[in-house]
Amino acid sequence: MVDAARHPNITVMSYTEVKRVEGFIGNFKVLVEEKPRYVNMDRCNGCGACSPVCPIEIPNEFEEGIAPRKAIYIPHAQAVPLRYVIDLDACIHCYKCVDACGKLDAIDFSQQPRQQWLDIGSILVATGFDNFDPSVIKEYGFGRYPNVITAMELERINNSAGPTAGRIMRPSDGKFPNKISFIQCVGSRDERYNLYCSGFCCMYTIKNAVQWKQTHPDADITIFYMDIRTPSKGYEEFYRRTREMGIRFIQGRPSIITEDTKTGNLFIQAEDVGLGRTIELESEMVILSTAAIPRIDTDAMGSVLNISRSPDGFFMEYHPKLRPVDSPTDGVFLCGAAQGPKDIPASVAQGSAAASRAARILNADEWEIEPIVAMVWEDRCISAQGKKCGICATKCPYNAITVETGKAAVVTSAKCHGCGGCVAECPHNAITQKHFTDAQVIAQLHALLKHEPEKKVLAFMCHWCSYGGADNAGTSHFEYPASQRGLRVMCSARMDQDFVYEAFRLGAGMVLVSGCHPQDCHYITGQRVGAERFEKLTKRLVDLGISPQRFRVEWISAAEGAKYAQVIREMDGALRKIDPQALKEEIERTRPELERRVRRLPEIPEVARALELAKV
Amino acid sequence: MEHAEKTVRSFKDEVMAEPGGQHLQRCYSCGTCVSMCLINQTCPDYNPRRILRMVMLDMRQETFENPTIWHCSSCDLCYPHCPQGIRISELMQAIKNIAVREGYESPLPTSQVDEEKCSGCDVCEKACPYGALSLVVKTIDGKERKVPQTNKALCMACGICAAACPLSAITVEDHSNEKIAARIQAGHWLKKTRGGEPKVLVFNCSWNLRAEDDRAAMAELPPNVRVVTVPCSGRVDPTFVLSALQAGVAAVLVAGCEPGQCHYKQGTRIAQGRMHTLHNMFEQVGLDTSRVRFVQIGTEERGRLPAMIMDLVAELKSARVPVA
């Protein structure tokens, strides 16, 4: 951190919040707000004369609340920049610090928040994680029993610069605890709180146990665990050494801790799975290894940067295997625990990777993007005719479209990822997606339904999930009927209702629209745009007189090959059950109304020609 | 054949198809339920985790022949603590249901009805937390009469019905009225004056003491304190309390579990209601209500009950409550 602060090309803006991000990859405009410190950064030299005279003492966040801090303080001894800050919520305006500061005259109560716009090429998100609050797990008694502490608290007690100057003592009576227990997976791997494994707690617990044992060889140390996870280089060897040192490992998750109110000692009840029996272990202190959880402001940060969160709450990467450092928004990169819990080596690796990914942009004059972006036909856009619309902009997951009444909508190509949601949603067919134009899709549709359309199951598939699911069905040998005809678009958001009408008009027996599960969507909210549309469409089709079983909406992930095959089998089975004569009648009966619905398709550039060619 | 479909229905699938069985395969053997469960105080072989494991490995025969599968009383102490959200008691019930269908029977003691004494009033059926009792029509002494019948697979022998029966027509083995009376009187405890020390009778439920220390402390109380263990505080018939007071006991303490932690679902609430009624009666006839006390001990409350008994003894000594 000190190196970074000294580097001529690095500006550290501490105590500063990102308020807004506009623009796109390589050309971001970022509004930042520097909060008032009430200490002049240029004048303060970090001498620390002010802090001792401050009469206020409040819990020190950095010391996990074990030690006090003053109202004028630095967050911790290694803080960069080494400049004091006044916590105005705690300050009583006695101005003793002003006197102590004396000639430096660094204290300035008139400071106001300062906002400024910055030109930014690429953005790295390294916001870290929070710790799970174990007091919600009542059975472990954290917050109720003084001698149940978190691993973070132990780190502070154990630290030679910490509140006890490194002398380990337990909270209830200040005695050195000789018999201690660690409990793993507190708030993680637990469906009540967080399903995921935090991944690094096993290693830091083993580290803490080793440290303790090295300084106090007589200590009686027990680690309660469900599984010890030491998958990285050299970790398992470390674990083995720890076992050899005489630290007791008990496989079994404690169910309840009770306290002897007289001694303050704790009794841990757990099943020793190896032994197959319940044990009650007395400990003088219990340390909980709590889950790493997403930062409390992840949601706010995500909406400022327009990046989404995975089901676990951490920021979602562009692709879990192939682009683990990139966020869904180009030019924004993720590193460290902001993207998911990880230990130091993994954080360093991801941080370095993110930095080099970001540097590519800074060193480029031009940037290649996917060619499948959306494009507006200005003459068709009703906004250009002075009418209010802007539907496309509301559906865009990337804020890539700007609409100003009187002017045609503008797609910022650099921000567009090509989901096609705007294209399908535009009521005037004024937007198209390159390589997935209406003409191209309709041409495919006609080709797929050329022969015996009433015997076909037409499946619209999204590129990332259900197409992958169909592929998975193939590679895994999950058989499904040959009546299926697949049509791939990038996202379920691109599946225009006109395509479905056109398919039924052509006499398709069954139509399936399929895409990602909501949390898996590759285009942040693309799936939601599609899902909303299909919900309405289902009702409309029924109103039209189309049997409800002929249209189906399914969310199928790339791993769900079996589900894809099952859905197609079911649809084919359902199609076979419909009386062919009745189906024919239904197709004929609904055709005029369907024709009316798609009558404006030929107005779209190229579509008329595609229809012409399809007739041949 | 399709890969995605299974044709053979295994024991595991059968259990999972029962209501409550669906989450079986989530279990990762952490042992939380085992150490939370109090049954292993009386039956050290009982291990719900191992039973789930046996089901997962399709060990049908071994599971049914394991006598411990009948022990779970659905107290649900374990379920809220299970990190995988498995409803263990429902799973145990699912196993029991299949076992019953296959003709297996619970080896545990159950309630027994004395059909001669029974009037068919149906109080027991309403009191039973398990729905184990139901009235059936039987021909007794040539007359058609309605009498309760115990479903052996459901009855957990808590004795709540026995305490509820106004005719003492229903009882549970080991905890019959006679046996409880014998435990109170053993060693002529009621008759001896014990050097003028006030006598305290404690009815304690079998499940409210988690800590080994507490259980040991209960055995080492002074001779003027008598602890009678009952399966559930709901087993305590108010007549036990009244006859003890009549025989010169200074105070009676009934100890049950915290509501929500009762080993027999409703027992502690039923006991609470009964003791409340008793207090009301005492007030009406002008008796000292402090001579009958009721306490509910939480499973995490280490040391509370022994301390409370000693406090009660001290209080009685200082108050010099006249022995009736």
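How many salt bridges does the rule find across the interface of chain B and chain A? Let us work through this predicted model and start with that answer.

## Where the two chains meet

Across the interface of chain B and chain A, the rule finds 3 salt bridges. One example to look for is the pair Arg26(B) and Glu191(A), whose closest N and O atoms are 3.1 Å apart. Polar contacts also link the chains: 17 residue pairs are counted between chain B and chain A, with both residues at pLDDT 80 or more.

On the chain B side, helix H2 (32-36), helix H3 (48-56) and helix H9 (212-219) each supply at least two of the residues that touch chain A. The largest share comes from H2(B), with 4 residues. Sorted by character, the residues on this side of chain B divide into 9 nonpolar, 11 polar and 10 charged.

How many residues does the contact take from each chain? There are 30 from chain B and 31 from chain A. Together the two chains bury about 2400 Å², and 46% of that area is on carbon and sulfur atoms.

## Salt bridges in chain A

Now let us look beyond the interface. A search of the whole structure finds 57 salt bridges over all chains. Glu34(A) and Arg114(A) form one of them, with the closest N and O atoms 2.8 Å apart. This pair links distant parts of the chain, since Glu34(A) sits in strand E2 (residues 27-34) and Arg114(A) in strand E7 (residues 114-120), 80 residues apart. The two partners have contrasting surroundings: Glu34(A) is buried, with a relative accessible area of 18%, while Arg114(A) counts as exposed at 54%.

Another pair is Asp330(A) with Arg323(A), where the closest N and O atoms are 4.0 Å apart. Here Asp330(A) is buried, at 17% relative accessible area, and Arg323(A) is partly exposed, at 29%.

## A buried pair and a network

Are Glu586(A) and Arg550(A) buried or exposed? Glu586(A) is buried, with a relative accessible area of 8%, and Arg550(A) also counts as buried, at 1%. Their side chains meet in a salt bridge of 2.6 Å, taken from N to O. Glu586(A) lies in helix H16 (residues 580-597) of chain A, and Arg550(A) lies in the loop between helix H14 (526-544) and strand E27 (551-555), so the salt bridge ties together parts that are 36 residues apart in sequence.

Salt bridges can also share partners. In chain A, such sharing joins Glu139(A), Asp190(A), Arg192(A) and Arg253(A) into one network.

## A helix with two faces

Finally, find helix H7 (residues 298-305) of chain A, where Thr298(A), Met301(A), Gly302(A) and Leu305(A) are buried. Why do these buried residues line one face of the helix? Looking down the axis of H7(A), they fall within an arc of 100 degrees, so they line one face.

The face turned away from this buried side carries the exposed residues Asp299(A) and Ser303(A). What covers the buried residues of H7(A)? The cover includes strand E1 (16-24), strand E8 (123-125) and strand E18 (292-294) of chain A. Following H7(A) comes Asn306(A), with a positive phi near 55 degrees.

Note on methods. Residues numbered from 1 in each chain as written. Chains lettered and ligands numbered in written order. Predicted model: local features only at pLDDT ≥ 70, side-chain atom pairs only at ≥ 80, totals over all residues. Heavy atoms only, no water. Contact = heavy atoms within 4.5 Å. Buried area = accessible area lost by both parts, 1.4 Å probe. Polar contact = N/O pair within 3.5 Å; in protein donor to acceptor, adjacent residues only side chain to side chain. Nonpolar A, V, L, I, M, F, W, Y, C, P; charged D, E, K, R; others polar. Buried < 20%, exposed > 50% of the residue type's maximum accessible area, 1.4 Å probe, protein only. Arc of directions from axis to C-beta.
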